[in-house]
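Let's go through this model together and ask, label by label, what earns each one. The answers set the values against the cut-offs.

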Amino acid sequence: KALVNGDTWYLVDNKWFKHCSQYLGFNDALDDEGIEMADNPGPIDNKELFDKEDPTKLRSHMIEQMNYVLIPTEIWEPLVQEFGLVEGQEPIARFVREFGMFLKHPRVEIYYLELSLSNFSDPDKVVKKQFSRSETIGKIVEAMRESFEIP
């Protein structure tokens, strides 16, 4: 499927996805080491995509097709319906954004920009939030108002 600005795509652990593809008959039933993998892959498990020290953040420097695959909503929803998602894990949804100053090209934004926000009246209270690089200043201000309960 072609990338379209604003569409949602999901990150899935590459190992789980390969196992699922083999189970569904899309690939050979042997993995790279010759191990039989045609068994049911179980629920979608993306734990390997998260940082070991901070499991709320994605691992740094991951490579598409090596660590993860991107799948569109049209594939994600039936996979979740059929296999489920490991309890306690949330889907890793990412959006297609247009990048480039003069020549725009769509790309799935995997890593968000993390900003440390604080209120001038209480500089010791710092809140870290993640934003898309394509967010407007208005959206960041809105998040700040919400974080610091400013009307």
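**Labels and the values behind them**

Asn46 lies in the loop between α1 and β2. Please keep in mind that this is a predicted model, in which local features need pLDDT of at least 70 and side-chain atom pairs count only at pLDDT 80 or more, while totals for chains, interfaces and linings use all residues. Residues are numbered from 1 along each chain as its sequence is written, and side-chain values use heavy atoms, with hydrogens and water left out.

Q: Why is Asn46 called buried?
A: Buried means under 20% relative accessible area, exposed over 50%, and partly exposed in between (1.4 Å probe, protein chains only). Asn46 has 0% relative accessibility, so it counts as buried.

Q: What does Asn46 touch, not counting residues up to four places away in sequence?
A: Asn46 touches Leu11, Val12, Asp13, Gln89 and Ile92. Contact here means heavy atoms within 4.5 Å.

Q: What makes Lys1 and Asp7 a salt bridge?
A: The term asks for a side-chain nitrogen of Lys or Arg within 4 Å of a carboxyl oxygen of Asp or Glu. For Lys1 and Asp7 the N to O value is 3.4 Å, so the pair fits the definition.

Q: Is Lys1 buried or exposed, and what about Asp7?
A: Lys1 has 58% relative accessibility, so it counts as exposed. Asp7 is at 22%, and therefore partly exposed.

Q: How do you know that Asp54 and Lys57 form a salt bridge?
A: Their closest N and O atoms are 3.9 Å apart, so they fall within the 4 Å limit. Asp54 is partly exposed at 26%, and Lys57 is partly exposed at 29%. Elsewhere, salt bridges that share partners join Lys1, Asp7 and Glu74 into one network.

Q: How many salt bridges does a search of the whole structure find?
A: The search finds seven. One of them links Asp45 and Lys47, with closest N and O atoms 3.2 Å apart.

Q: Which residues make up the largest nonpolar core?
A: There are twelve: Trp9, Leu11, Leu49, Phe50, Leu58, Met62, Tyr68, Leu70, Ile92, Val96, Val108 and Ile110. β1 (8–13), β2 (68–72) and β3 (92–99) each supply at least two residues of this core. A nonpolar core is a set of buried Ala, Val, Leu, Ile, Met, Phe, Trp, Tyr and Cys residues joined through side-chain atoms within 4.5 Å. Apart from this core lies another, of ten residues, among them Val12, Ile71, Leu79 and Phe83.

Q: What makes β1 largely enclosed by the rest of the structure?
A: Five of its six residues are buried, so the description follows. Strands are DSSP runs of E of at least two residues, and helices are runs of H or I of at least four, numbered from the N terminus.

Q: How do you know that β1 and β2 pair?
A: Two strands pair if DSSP finds at least two bridges between them. β1 and β2 have five, in the antiparallel sense, and Leu11 stands opposite Leu70 in β2. Four bridges join β1 to β3, also antiparallel, with Tyr10 opposite Ala93 in β3.

Q: Why can the buried residues of α2 be said to line one face of the helix?
A: The buried residues of α2 are Trp76, Leu79 and Phe83. Seen down the axis of α2, they fall within an arc of 70 degrees, so they line one face. The arc is that of the directions from the helix axis to the C-beta atoms. Gln81 and Glu82 are exposed on the face of α2 turned away from its buried side. What covers the buried residues includes β1, α1 and β2.

Q: What is notable about phi in His61 and Gln65?
A: Most residues other than glycine have a negative phi. His61 has a positive phi of about 60 degrees although it is not a glycine, and phi of Gln65 is near 75 degrees, again positive in a residue other than glycine. His61 is exposed at 73%, and Gln65 is exposed at 54%.
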